[in-house]
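Work through the exercises below with the sequence and the structure open. Each task is followed by a solution in steps.

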Amino acid sequence: MMAGITRREWVKRGAMAGVGMVTAAAMPCLGQAAGTPGSEKTGVGAGSLKEHAEAKRLPVGAAVNMALLRGDETYRRVLAEQYNMVVGENCMKWAALRPTAETFKFDEADELVSFAEQHGMQVRGHNLCWHEQLPAWFAGAVTKENAAKVLTDHIATVAGRYKGRIHSWDVVNEAVWMKDGRPDGMRSSSPWYELLGPAYLEVAFRAARAADPGALLTYNEYGIEYDEPEEQGKRAAVMALLKRLRETKGPGGRPLVDAVGVQSHLKTANIAKLGEGIREFAGKARKMGLQVFVTELDVDDDSLPDEEALQQDRDVATVYGHYLAQMLQERSVTAVLTWGLADGQSWLQGEKSRVKHPQRMQRPLPFLVDENGTYRAKPAYFAMRDAVDGAKRR
Ligand code: G3I
């Protein structure tokens, strides 16, 4: 089901959109053959996000839904045409890779890496250690006694399989949770913490470094972007964690961590509180020798009043442009990925993200798919591209 409005409506509204707005007439039918000549505004061929990003030596990517990659030729084409980096939305998580304690299932992950390599795209690995998406057998099979070995073996097998083919791994995902009340902010409610204590992070990063010395080892986190008390507190705890990881030497005498992933699951509310603090964080990360990746960018628009879909898209685009313009001024920010391609494919279509407007689909991503299966670049796409154009070359 396509998000929001029909194509006919989109074209009509776009045509009426007026000055300063990318009109529907300029909205590309991105399902067209790659390289379709078009105006600068069409977003394909020379106007693609990838072309603009490559001019700045900045990888831009999207999280990939493997069912769509396997079953939708247009999805594959738009992905290859518009991006030079991919990350599996779910295919490299424990639940996907580990059907049993004894076996691995790599078909989807292999297919993602192959697709990327066929199209000259870099791959982010997501993720080697998380408190969510653990397989059903985990709780009954992993104990305090064997947990370090289970984690090490998993990472050695998975990261070892793709050695030399991964740009960066999200080695540990979301280990900070202030509500657990620890002074250091660590998520003590995580199964890994319960099994190994905070040492699980070092176990994971050491195993990843040993398995693939060429990959950038990343700590990935959400809820640290806004200048609101809760996020400021979490941001400080994440910075302290990064400092500990950076000061700990792993295999080869190298620091355990190379990069921090700022997931960037943003919202249309409180844009005035978005920017200063996270930019400062990115600057501190640079001084620590870390790269910063915008790893899961999308914009939750549930807080918007019911309004014209096009106005909603403009408001979402404003957040994209505002945030990326600030983040990309920080030289430590060296990759930008959205958490998906098109609105209807977003995790935000779930109930917990549509509280105020349960009947309204979220419009969080750079594309929409119209009723003909055509990918249309939205204002957020152009806001991303404009922010990339405004960035310094990496
Ligand atoms: O694969 C099973 C399928 O076999 C089963 O029939 C179906 C019904 O239960 O579930 C399928 O698994 C789902 C999986 O996505 C694959 O579609 C899980 O239930 C569902 O919980 C899972 O949601 C993912 C979520 O992470 C949890 O892993 C979302 O798609 C994904 O967008 C989301 O991504 C996370 C990042 O990894 C970390 N940062 C936050 C971000 C958003 O939550």
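A residue counts as buried when its relative accessible area is under 20%, and as exposed when that area is over 50%. The model is predicted.

**Exercise 1.** Decide whether strand β3 (residues 122-126) is enclosed or open, and find its strand partners.

Solution.
- Step 1. Apply the 20% cut-off to β3: 4 of its 5 residues are buried, so the strand is largely enclosed by the rest of the structure.
- Step 2. Look for the partners of β3. Strand β2 (residues 85-88) runs parallel to β3 and is joined to it by 3 bridges; M85 stands opposite Q122 of β3.
- Step 3. Strand β4 (residues 168-173) also pairs with β3 in the parallel sense, over 3 bridges. Here R124 has S168 of β4 as its bridge partner.

**Exercise 2.** Repeat the analysis for strand β1 (residues 60-64), and state which residues pair with G61.

Solution.
- Step 1. Count the buried residues of β1: 5 of 5, so β1 is largely enclosed by the rest of the structure.
- Step 2. Find the pairings. β1 and strand β9 (residues 333-338) run parallel and share 3 bridges, while β1 and β2 are paired in the parallel sense by 4 bridges.
- Step 3. Take G61. Its bridge partner in β9 is L337, and its bridge partner in β2 is M85.

**Exercise 3.** Describe how helix α11 (residues 229-247) and helix α12 (residues 276-287) lie relative to each other.

Solution.
- Step 1. Two packed helices are described by the angle between their axes and the distance between the axes.
- Step 2. Read off both values: the axes of α11 and α12 come within 11 Å and cross at roughly 5°.
- Step 3. Angles under 35 degrees count as roughly parallel, and α11 and α12 are therefore roughly parallel to each other.
- Step 4. List the residues in the contact. α11 contributes R235, V238, M239 and L242, and α12 contributes G277, I278, F281, K284 and A285.

**Exercise 4.** Summarise burial in the chain and locate its nonpolar cores.

Solution.
- Step 1. Of the 394 residues in the protein chain, 58% are buried.
- Step 2. The largest nonpolar core has 106 residues; L79, M92, W169, V172, Y219 and Y323 touch the most other members.
- Step 3. A second, separate core has 8 residues, among them A63, V87, F293 and L337.
- Step 4. Turn to the surface: the chain exposes about 15,100 Å², with 53% of it supplied by carbon and sulfur atoms.

Definitions and conventions: Residues numbered from 1 in each chain as written. Predicted model: local features only at pLDDT ≥ 70, side-chain atom pairs only at ≥ 80, totals over all residues. Heavy atoms only, no water. Buried < 20%, exposed > 50% of the residue type's maximum accessible area, 1.4 Å probe, protein only. Helix = DSSP H or I, 4+ residues; strand = E, 2+ residues; numbered from the N terminus. Pairing = 2+ DSSP bridges. Areas by Shrake-Rupley, 256 points an atom, 1.4 Å probe, with all protein chains shown as cover. Core = buried A, V, L, I, M, F, W, Y, C linked by side-chain atoms within 4.5 Å. Axes fitted to C-alpha atoms, helices over the stretch in contact; angles between N-to-C directions. Parallel < 35°, antiparallel > 145°, perpendicular 65-115°, else oblique. Contact = heavy atoms within 4.5 Å.
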